[in-house]
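Hello,

Here is the structure I promised to pass on. Please have a look, and read my notes below alongside it.

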Amino acid sequence: MAERTMMRPIQMVDLVGQYLKIKDEVDAAQKRVIETAAFINGPEVKEFEKELSAYLGVKHTIGCANGTDALQIAMMALGLKAGDEVITCSFTFVATVEVVALLGITPVFADVLPGTFNIDPADIKRKITPKTKAIVPVHLFGQTADMEAIMAIAKEHNLFVIEDNCQAIGSDYTFSDGRTQKSGTIGHVGTTSFFPSKNLGCYGDGGALFTNDEELAKKIRRVCNHGSDVRYYHEVIGVNSRLDSLQAAVLRIKLRHLDEYAAARNAAASAYDEAFAGIMELSTPERSANSTHVFHQYTLKVAGGKREALRKHLEERGIPAMIYYPVPCHLQNAYKTARFAEGSLPVTEAITHEVLSLPMSTELDNEQLAHITASVKSFFTA
Ligand SMILES: *Cc1c(COP(=O)(O)O)cnc(C)c1O
């Protein structure tokens, strides 16, 4: 009987495959942390913070427990309080909106742009009131939002900008004068998540904040550490949110591969783009004019109400495809308000019916990509 090699099963993200390539280094680093028992605030955390600051070109990186905490800590450190308004997008992972609401701040939603899925600066302007204190752009799916426009609005109205950079770490934003900066380092503070499936993911939970402002960096460290600079003396109400040393040790290794990981994601995205170019009912992801894309997700728009049928067609062929996000935050039961009733954010609401994200990881091989692209095409030609 003829031997036939089996295609590796396709997953949305292949974290085991990625681990196997750095296994020796990771295993040695974990052993080193365990043998020194420096689990909390150990040297691995400090070294990682320094190395990530150097990579991003930012003065201060402060590790914390996860990306949700990072957003909450940013708002606490900036002194945002109950009754303030924060403008963000509804087309995002719920964490962005959740922490705003938890602090008693009112989330005010701006619509997004239909091509890049990122927040629409023109709609931010329309949503500003005397209570507005901050803008939280989300760099969705791997591209930086239009930070030049957002920073100009913030300056004019004296607002803070907190970048939710959980999905775009490593992406480069270019200003009109040609200057380039990494996403997450442009606003007053940036936040990220090291959740395993994120572009820079650890092997559990983790997060970080970035800022160039020395005073703000001190306040962030204080909030993370129970509101304390000196042990058992508490200046402000804080939280307990730390990046642990085992995770920092993994992240130090993966940071050295981050650009190569982004290149692998871009190669997969290009293969998808090329294969789908002739399909009328599909829109491939639009590239922002000012930002590189690190493809946290490769997200298609499927026209003509065919999304569910395409998703099923792919599932039957062993290909997972996900809907990020099926219900925008303003229509979630927990966050519904009269002001943001159905119909209030037309672009957001339209794209939630069309988006479909294909498998995207650093480990997709040519055979898997060929199977995925052929399966998408066969749906439209059948
Ligand atoms: C993942 C994510 C978060 C939350 O990060 P956690 O580490 O899971 O708390 C927040 N915002 C966005 C846009 C995310 O993708």
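Let me start with strand β8 (residues 189-193), which pairs with β9 in the antiparallel sense over four bridges; strands here are DSSP runs of E of at least two residues, helices are runs of H or I of at least four, both numbered from the N terminus, and two strands pair if DSSP finds at least two bridges between them. Within that pairing, T192 sits opposite A208 of β9.

Before going on, some housekeeping: this is a predicted model, in which local features need pLDDT of at least 70 and side-chain atom pairs count only at pLDDT 80 or more, while totals for chains, interfaces and linings use all residues. Residues are numbered from 1 along each chain as its sequence is written, and side-chain values use heavy atoms, with hydrogens and water left out.

Back to β9 (residues 207-211): β1 (residues 60-64) is also antiparallel to β9, joined to it by five bridges, with C64 opposite G207. Five of the five residues in β9 are buried, meaning under 20% relative accessible area with a 1.4 Å probe, protein chains only. G207, L209 and T211 cover one side, and A208 and F210 the other.

Elsewhere, β12, β13 and β14 form an open antiparallel sheet in that order. Because β12 (282-283) and β14 (355-358) are at the edges with a single partner strand each, one side of each has no neighbour in the sheet. Four bridges link β13 (residues 298-302) to β14, and K301 faces V355 there. Helix α9 (residues 258-276) lies across these three strands, at about 20° to β13; axes are lines fitted to C-alpha atoms, for helices over the stretch in contact, and angles run from 0 to 180 degrees between N-to-C directions.

You may like the helix pair too. The axes of α2 (residues 43-56) and α8 (residues 245-255) come within 8 Å and cross at roughly 35°. Among the residues in contact (heavy atoms within 4.5 Å) are F48 and L52 in α2 and A248 and L251 in α8.

Finally, the largest nonpolar core has 35 residues, with F91, I124 and I150 making the most contacts inside it; such a core is a set of buried Ala, Val, Leu, Ile, Met, Phe, Trp, Tyr and Cys residues joined through side-chain atoms within 4.5 Å. The largest share, four residues, comes from α6. Leaving aside residues up to four places away in sequence, I124 touches I87, A110, I119, I135, I150 and I153. A second, separate core of 25 residues includes Y272, I279, L314 and F380.

Best wishes

Note on methods: Buried < 20%, exposed > 50% of the residue type's maximum accessible area, 1.4 Å probe, protein only.
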